[in-house]
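Please study the sequence and the structure shown below before attempting the exercises.

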Amino acid sequence: MGTAGASGVSNSAQIVLLLTNIAVGLANGGNILVSQYFGSREKTSQERVTGTFITLFALVGVLASVFTFLLAGPMLRAIRAPAFQEAVSYLRVAALGMIFVFFYNCLSSVLRAVGNSKQPMRIILYTCGLNVVLDLLFVGPLHLGTAGAALATVLSQGLSCGLALGYLLKHRDIFSFQPALLRMRGEDVANILKLGVPCAVQMTVASISWLTVTFLVNRYGVDCSAASAYAAKVKDLSMMFITSLVNAAAVMIGQTLGAQKFDRAAQVLREALKLSVLISGVLVILVELTAPMLARIFTNDPEVIRIAALNMRIEI
């Protein structure tokens, strides 16, 4: 794709990341609620909330896809994307996958809420592998550019959604998928949003700050924009460890609160905080020591490598 393509993907990816963080944050609300009912062994309430959760996220996912596709150009102009055409090509294709992003986060949250974190992990491993293969195919031999990179991601997202849905349909003990349950109930929607909106706001504030940084970086041209994109990939990979830990802790705390084991919930929180500090420290040291090497994975341009390495050392 070259430097311009990397810049275009970077700018579009910040918008996609903002919407993804909204999906993850809101899904935490459903995750917590379902895990509480699971912990207290209230099967009827668990199924009712799960049905509302799935229906709500299917609707919101469709709206997010339409919104992103229609407003791709204006949003990218607002952040002054230097490689505008490449960015628009990526974002309009990526918009088609937002329904999968919301729906997968919902389905994986349901699985984690009942203590099954292995299946979402397997699904992500499969689809990440597919994404890499399709990226190499679409961007390489097929020369589809940024649109090809986005298409590879959308197809992988669709597969992750299909695998999660197939697993739940096969294991009806988690959710029966009775048509009567697949509707939105006002009280359950309110409770999901009550728990999920604070998480979404917390994650969205960070994403908005990164959009602001992207806007400022874009003023320095394509090289700086591309370098920022490469540094962001390393940052996002680093954040995945902490995000996974937070999601795991949220499920455990929800289940223990549902079972009225408040001391156990406090213990889980303390251990999660200790682990997050430890993991963060290790990641910071690794990135500080290997920043130029990590930048060379993405490009051979000396100037872009220099800027990306500096960005990583300050940002992470």
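Three exercises with worked solutions follow. The model is predicted, so local features need pLDDT of at least 70 and side-chain atom pairs count only at pLDDT 80 or more, while totals for chains, interfaces and linings use all residues. Residues are numbered from 1 along each chain as its sequence is written, and side-chain values use heavy atoms, with hydrogens and water left out.

**Exercise 1.** Describe how helix α10 and helix α11 cross, and state which residues make the contact.

Solution. Begin with the elements: α10 covers residues 262-296 and α11 covers residues 302-315. Helices here are DSSP runs (H or I, at least four residues), numbered from the N terminus. Next, consider the axes, which come within 8 Å and cross at roughly 150 degrees. Such axes are lines fitted to C-alpha atoms over the stretch in contact, with angles from 0 to 180 degrees between N-to-C directions. Then list the residues in contact (heavy atoms within 4.5 Å). From α10 these are Val287, Glu288, Ala291, Pro292, Leu294, Ala295 and Arg296, and from α11 they are Ile305, Ala308, Ala309, Met312 and Arg313. Finally, classify them: nine are nonpolar, none is polar and three are charged. In this scheme Ala, Val, Leu, Ile, Met, Phe, Trp, Tyr, Cys and Pro are nonpolar, Asp, Glu, Lys and Arg are charged, and the others, Gly among them, are polar.

**Exercise 2.** Determine how many salt bridges the whole structure holds, and which parts the pair of Asp188 and Arg48 ties together.

Solution. A salt bridge requires a side-chain nitrogen of Lys or Arg within 4 Å of a carboxyl oxygen of Asp or Glu. The search finds three. In one of them, Asp188 pairs with Arg48, and their closest N and O atoms are 2.8 Å apart. Asp188 belongs to helix α8 (residues 186-218) and Arg48 to helix α2 (residues 43-70), so the pair ties together parts 140 residues apart in sequence. As for accessibility, buried means under 20% relative accessible area, exposed over 50%, and partly exposed in between (1.4 Å probe, protein chains only). Asp188 is buried at 3%, whereas Arg48 is partly exposed at 26%.

**Exercise 3.** Locate the salt bridges of Glu271 and of Arg306.

Solution. Glu271 pairs with Lys274, with closest N and O atoms 3.6 Å apart. Both lie in α10, three residues apart, about one turn of the helix. Glu271 is partly exposed at 39%, and Lys274 is exposed at 54%. Turning to Arg306, its partner is Glu303, with closest N and O atoms 2.8 Å apart. These two residues are three residues apart in α11, about one helical turn.
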